[in-house]
Amino acid sequence: MPPLTSKPIHFGTYLVTSSVFHLTPLSFAIVNLKPILPGHVLVSPRRVVPRLSDLSQDEVVDLFLTVQKVGRVIERVYKASSLNIAMQDGADAGQSVPHVHTHIIPRKAADLEDRGGSDAIYGMLEGEEGDVGEHFEQKKRKRPQFPKVDESTRHSRSEEEMIEEAEMLAREMEPSRL
């Protein structure tokens, strides 16, 4: 399956066209290079701006309608019972890529019991595990610099793995599947 568009899609300064699985005129959804949990994806506006307040009203509406639509699909595909939907709006809030983005993380009962319970997800997002910018930088450098987390259960994925997931999710986003 070819990419959804021949036009380049950027997440901040990073070219992510091959990771895009859903596209609207104003937003896109991408698979995550280093998901916190399986199915963790990102939704961003196509225009690269750092803060939610920088978006136009049309962009905000499209972004959140896209989050809602993608969330439904992620919950179904990953057999989740709930979702974490999170946005870090600015560097002081933990945003690591200066491009508005919303995390969608599928959740299941007791999925983080071994990490301290369901609220552990917030520390993971704010810590090295959620540092999307650093994960892209590592990929760009092509030499891993492992964060201080349990790397036996969480690794950066290959481009091929990400494309495979993006293609699968793109098929799931087709109107006949919704």
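## Questions on the fold, core and a buried histidine

Student: In this predicted model, which pattern does the protein follow when read along the sequence?
Tutor: Strands and helices are both present in this predicted model, with four helices and seven strands in the protein. Taken in order along the sequence, these elements give the pattern β-β-β-β-β-α-β-β-α-α-α.

Student: What percentage of the residues in the protein are buried?
Tutor: To count as buried, a residue must have under 20% relative accessible area. The protein has 178 residues, and the buried share of them is 47%.

Student: Which element gives the most residues to the largest nonpolar core?
Tutor: The largest nonpolar core holds 22 residues, and those with the most contacts inside it include Phe21, Val41, Ile74 and Leu169. Two or more residues come from each of strand E4 (27-31), strand E5 (41-45), helix H1 (57-77) and helix H4 (159-172). With six residues, the element that gives the most to this core is H1.

Student: Why might nonpolar side chains be found buried together?
Tutor: In soluble globular proteins there is a general tendency for nonpolar side chains to be buried together. In this protein, one residue with many partners to look at is Phe21, which touches, among residues more than four places away in sequence, Leu4, Val41, Val70 and Leu169, to name some among them. The set to which Phe21 belongs is the largest nonpolar core.

Student: Are H1 and H4 roughly parallel or roughly perpendicular?
Tutor: The two helices pack at an angle of about 110°, and their axes are 10 Å apart. Angles of 65 to 115 degrees count as roughly perpendicular, so H1 and H4 are placed in that class, roughly perpendicular.

Student: Which residues of H4 make the contact with H1?
Tutor: On the side of H1, the contact is made by Val73, Ile74, Arg76 and Val77. Across from these, the residues of H4 are Met168, Leu169 and Glu172.

Student: Is His103 buried or exposed?
Tutor: His103 is found in strand E7, which covers residues 102-107. Its relative accessible area is 1%, and a residue counts as buried under 20%, so His103 is buried.

Student: With which side chain does the side chain of His103 make a polar contact of 2.8 Å?
Tutor: The side chain of His103 makes a polar contact with the side chain of Gln88, where the distance is 3.4 Å, and this is therefore not the contact asked for, since a contact of 2.8 Å joins the side chain of His103 to another histidine. That partner is His40.

Definitions and conventions:
Residues are numbered from 1 along each chain as its sequence is written. This is a predicted model: local features need pLDDT of at least 70, side-chain atom pairs count only at pLDDT 80 or more; totals for chains, interfaces and linings use all residues. Side-chain values use heavy atoms; hydrogens and water are left out. Buried means under 20% relative accessible area, exposed over 50%, partly exposed in between (1.4 Å probe, protein chains only). A polar contact is a pair of N or O atoms within 3.5 Å; within protein, one must be able to donate a hydrogen and the other to accept it, and residues adjacent in sequence count only if both atoms are side-chain atoms. A nonpolar core is a set of buried Ala, Val, Leu, Ile, Met, Phe, Trp, Tyr and Cys residues joined through side-chain atoms within 4.5 Å. Contact means heavy atoms within 4.5 Å. Axes are lines fitted to C-alpha atoms, for helices over the stretch in contact, and angles run from 0 to 180 degrees between N-to-C directions. Angles under 35 degrees count as roughly parallel, over 145 as roughly antiparallel, 65 to 115 as roughly perpendicular and the rest as oblique.
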